[in-house]
Amino acid sequence: MVERRPAYQRILLKLSGEALAGDADMGIDPKVLSRMALEIGQLVGIGVEVGIVLGGGNLFRGAALQAAGLDRVAGDHMGMLATVMNGLAMRDALERNNIKTRVMSAIPMSGVVDHYDRRAATRALQSGDVCIFVAGTGNPFFTTDTAACLRGIEINANVVIKATKVDGVYNADPMKDPTAVKYDYLTFDEVLEKKLGVMDLTAICLCRDQNMPLRVFDMNKQGALLNLIFGHTEGTLIGKQPR
Ligand SMILES: Nc1ncnc2c1ncn2[C@@H]1O[C@H](COP(=O)(O)OP(=O)(O)O)[C@@H](O)[C@H]1O
Ligand SMILES: O=c1ccn([C@@H]2O[C@H](COP(=O)(O)OP(=O)(O)O)[C@@H](O)[C@H]2O)c(=O)[nH]1
């Protein structure tokens, strides 16, 4: 039998809020949470250390609240609190599958979740706990994509993996342009030059400057996460050097 070894020892997995909503436009679908918990459990089972950053777009987004007339900073605070709620739901799903989980928030929330502490997070990851990082960066005007890249760099992850609704980065938004063509590999500079909108520019610049590889893949594709952990081609890889 051929022994399969994971290609990554430690990952930062970014799950968008919308992914948690499943087929609904908003809220949290318990079936989706259970499926994700099982997939994450498989990674923990093969010894991969898993940090997770959760989005909040299934509940609140600052920009959308601003468009509806709310103060932007208040809206962003609501968006960050939404990620805490998602984190509590995800922890519950993971722990029901006997996966030890810590939730760490960039905004202190004593008695509800732990305050983010890089050294404590690293120790927890080393002992096999899943760490869910919530409340984004703790600052308005940022996104959870940027928070994912920031936490991924801080915890020395081998890769930041963005789970989304599309199966990679295309030369145009595949949700709007059915003729869009997928890339297997791109450099950070190409993503910036071509203005490919899969992730915000702050996140891309941070990964480029710190040389943190990024992979974008389709979370709804069964087995895709495990496949890419074993180093197989899945979605799009974004790196520093041209290929
Ligand atoms: N060039 C592109 N390649 C892939 N996806 C793109 C591109 N431009 C825009 N997108 C969009 O970015 C989305 C992924 O971002 P995500 O953070 O998961 O969703 P949201 O923007 O709703 O928070 C995809 O659903 C896709 O519609
Ligand atoms: O560092 C951060 C991260 C998030 N947010 C707010 O939280 C919302 C939810 O995050 P995001 O839109 O990134 O979630 P996703 O699209 O991944 O579900 C954002 O719209 C922002 O309003 C913020 O203010 N600062």
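# A guided tour of the predicted model

Four helices, α1 (17-21), α3 (62-67), α4 and α6, each supply at least two residues of the shell around ligand 2. The model on the screen is predicted, and ligand 2 is the first stop of the tour.

**Stop 1: ligand 2.** Select ligand 2 together with the 23 residues around it; G55, G57, G62, G79 and G136 come nearest. Which helix gives the largest share of this shell? Helix α4 does, with five residues. Colour the shell by class next: six residues are nonpolar, 13 are polar and four are charged.

**Stop 2: the annotated binding site.** Now select G56, D76, T137, G138, N139, P140, F141, F142, T143 and T144, where an unreviewed UniProt entry places the feature "binding site". These positions span 89 residues in sequence, yet no two of their C-alpha atoms are more than 14.1 Å apart, so they gather at one spot.

Two members of this group deserve a separate look. Select G56, in the loop between β2 and α3. Is G56 buried or exposed? G56 is buried, because 28 other C-beta atoms lie within 10 Å, and a residue counts as buried at 20 or more. Beyond its neighbours within four places in sequence, G56 is in contact with G17, G79, M80, A82, T83, N86 and T144. Then select F141, which belongs to the loop between β5 and α6. F141 is exposed, because 12 other C-beta atoms lie within 10 Å, and a residue with 12 or fewer counts as exposed.

**Stop 3: helix α6.** Select residues 144-154, which form helix α6; nine of its 11 residues are buried, so the helix is largely enclosed by the rest of the structure. The buried residues in α6 are T144, D145, T146, A147, A148, C149, L150, R151 and G152. What covers them? The cover includes the strands β1 (10-15), β2, β5 and β6 (159-164), as well as the helices α4 (72-96) and α8 (201-210). Following α6 along the chain, select N156, whose phi is positive, near 60°.

**Stop 4: the sheet.** Show the strands as a cartoon. Nine strands form an open sheet with mixed pairing, in the order β4-β3-β5-β2-β1-β6-β8-β9-β7. At its edges are β4 (114-115) and β7 (185-187), each of which pairs on one side only.

Begin inside the sheet with β2 (residues 49-54) and β5 (residues 130-134), which pair in the parallel sense over three bridges. Within this pair, I52 stands opposite I132 in β5.

**Stop 5: strand β6.** Continue to β6 in the same sheet order. How many of the six residues of β6 are buried? Six of the six are, so β6 is largely enclosed by the rest of the structure. Display the side chains to view its two faces: V159, I161 and A163 lie on one side, V160, K162 and T164 lie on the other, and all are buried.

Strand β6 has partners to examine as well. With β1, β6 pairs in the parallel sense over five bridges; select L13 to find its bridge partner in β6, I161. With strand β8 (residues 214-218), β6 again pairs in the parallel sense over five bridges; here, select K162 to find its bridge partner in β8, V216.

**Stop 6: ligand 1.** Move to ligand 1 and select the 15 residues around it, of which T164, D173, M175, L196 and G197 come nearest. Residue T164 has already appeared on the tour, as a buried residue of β6. By class, this shell holds eight nonpolar, four polar and three charged residues.

**Stop 7: the annotated domain.** Select residues 10-218, the span covered by the UniProt annotation "domain: Aspartate/glutamate/uridylate kinase", from an unreviewed entry. The span is 42% helix and 18% strand, and its end C-alpha atoms lie 20 Å apart.

**Stop 8: the whole chain.** Finally, zoom out to the full chain, which contains nine helices and nine strands. Its radius of gyration is 17 Å, close to the 18 Å that the globule rule gives for 243 residues, so the chain is as compact as a globular protein of that length. Along its principal axes the C-alpha trace spans about 45 × 45 × 35 Å. Colour the chain by burial: buried residues make up 44% of the 243 residues. Among contacts with a separation of 6 or more, 70% join residues 24 or more positions apart.

Technical notes: Residues are numbered from 1 along each chain as its sequence is written. Chains are lettered from A and ligands numbered from 1 in the order in which they are written. This is a predicted model: local features need pLDDT of at least 70, side-chain atom pairs count only at pLDDT 80 or more; totals for chains, interfaces and linings use all residues. UniProt positions are given in the numbering used here, feature names are shortened, and annotations may be inferred rather than shown by experiment. A residue is near a molecule or strand if its C-beta atom, placed from the backbone, lies within 6 Å of it. Ala, Val, Leu, Ile, Met, Phe, Trp, Tyr, Cys and Pro count as nonpolar, Asp, Glu, Lys and Arg as charged, and the others, Gly among them, as polar. Two strands pair if DSSP finds at least two bridges between them. Two residues are in contact if their C-beta atoms, placed from the backbone, lie within 7 Å. The radius of gyration is taken over C-alpha atoms; the globule rule is 2.2 Å times the number of residues to the power 0.38.
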